[in-house]
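This note is addressed to a colleague who is meeting the structure for the first time. Please read the points below with the sequence and the model at hand.

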Amino acid sequence: FIHLTLPTPCLYGKHKRKSDDVKKIVLIGKGVTFDSGGYNLKTGAGSSIERMKYDMAGAAAVLGTFASLKRIFNYVGQSNNSRKREYKEGGIFFFFKNLIYDLNPYSTSCAITKGSEDAPAYEIHGCIAACENLISGNSQVNRPGDIIVAADGTTIEVNNTDAEGRLTLADAIWYAKNIIGADVIVDVATLTGAIKIALGPQIAGLFSTSDALANTLLQCSQQSGEPLWRQPLYTVYKDMLKSDIADLKNSSTTGFAGSITAGLFLQRFVENKCTLDPFKKKENPQWAHIDLAGPVWSDNKRTELSAGGATGYGVRLLTKYVLSQCVTCNSLLS
């Protein structure tokens with residue numbers, strides 16, 4: 001895992017908080033740097049194996065979000081004169097002009113504050129599960145029919161080595177819950193081709209166990225220009241993941257509802273009991289899964305958000321979401 005941490009501005013200075021008062025938002029990114037499909041090799045027309053370098057687009061979105069947030073938080077922490085100087089030089093206003101509509105320190109509507117005793121404090125964490133999915137003589141490589149054990153002890157029958165991303169995300173979710181102590185988890189991943197069939201190349205699918213979190217992300221989607229559409233976590237479809245020899249399969253064999261069953265697979269690990277401290281009375285974190293397999297890549301030379309190729313989808317959306325949760329930064333969003 002790659003673990004990133006970024007405190008929000010209200011954790012600085014005289015308003016430092018006790019650890020119990022700090023809410024933790026964890027952004028998880030799938031980081032499969034190349035996905036051949038493994039022994040279930042991607043073959044034939046439409047497999048897009050030559051583009052599978054973008055299977056780390058979720059991880060790239062998390063890294064891009066941290067780069068954006070760091071610059072914004074530094075800007076918030078500057079003196080007013082420093083902000084005016086950076087604004088004149090075209091710095092943060094122009095860099096984020098498609099995301100934040102006014103960072104003009106001369107404007108009375110841009111009242112950037114250091115926070116208060118009553119403002120909620122947040123720690124922003126990033127968790128990237130980085131690997132490749134290749135065919136190899138290494139005995140650690142998954143084979144169809146293998147039984148593997150997830151970090152939380154769940155046994156998984158690998159019936160499709162090309163459904164590898166959810167295996168890495170399952171352990172990342174465990175890490176976020178049990179090591180970081182997440183209050184909110186948002187994972188972003190190029191998880192299924194099924195979501196592209198359902199929503200096309202410009203819209204990402206949103207799955208969530210929390211209506212409040214889902215509604216906030218949908219609102220941030222509208223404001224950032226990166227479209228989301230909420231999908232169901234239809235519990236009846238959990239039967240598609242049943243295994244006779246393990247706790248569950250990593251992929252449905254029915255050929256139906258591929259993106260939904262992938263979401264249901266991840267949901268299990270969000271709701272599994274904490275393995276490190278089973279007596280701790282902490283509720284499961286709010287969780288959302290964004291399947292962005294469609295909009296992370298554009299065959300057009302130019303779109304509204306990119307110059308073609310990799311689009312950077314998710315950076316604006318996640319940055320907008322984090323800022324929406326930080327009272328200190330609310331004035332940046334007007």
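The following points concern a pocket, a surface patch and a helix residue in what is a predicted model.

1. The largest pocket has a volume of about 620 Å³. It is lined by 28 residues, and those closest to its centre are Asp 162, Leu 191, Thr 192, Gly 193 and Ala 194.

2. Three elements each give two or more residues to the lining of the largest pocket: strand S2, spanning 22-35, helix H5, spanning 194-199, and helix H7, spanning 258-271.

3. As to the character of that lining, 13 of its residues are polar, eight are charged and seven are nonpolar.

4. On the surface, a nonpolar patch is formed by Tyr 39, Leu 41 and Ile 135. Together these residues have about 280 Å² of accessible area.

5. Where does Ile 135 lie? Its place is the loop between strand S3 (121-133) and strand S4 (147-149). Ile 135 counts as partly exposed because its relative accessibility is 46%, and the range for that class runs between 20% and 50%.

6. Is Ile 173 buried or exposed? This residue belongs to helix H4, which covers residues 165-180. Ile 173 counts as buried because its relative accessibility is 0%, and the class of buried residues takes in values under 20%.

7. Ile 173 may also be viewed together with Ile 185, which is twelve residues away along the chain. The C-alpha atoms of Ile 173 and Ile 185 are separated by 7.8 Å.

How values were computed: Residues numbered from 1 in each chain as written. Predicted model: local features only at pLDDT ≥ 70, side-chain atom pairs only at ≥ 80, totals over all residues. Heavy atoms only, no water. Patch = residues over 30% accessible without salt bridge, like charges linked within 9 Å, V, L, I, M, F, W, Y side chains within 5 Å. Areas by Shrake-Rupley, 256 points an atom, 1.4 Å probe, with all protein chains shown as cover. Salt bridge = Lys/Arg side-chain N within 4 Å of Asp/Glu carboxyl O. Helix = DSSP H or I, 4+ residues; strand = E, 2+ residues; numbered from the N terminus. Buried < 20%, exposed > 50% of the residue type's maximum accessible area, 1.4 Å probe, protein only. 1 Å grid on protein atoms, 1.4 Å probe; cavity = no way out; pocket = protein on both sides within 12 Å on 5 of 7 lines; lining within 4 Å. Points joined across faces, edges and corners; volume = space filled by probe spheres on them. Nonpolar A, V, L, I, M, F, W, Y, C, P; charged D, E, K, R; others polar.
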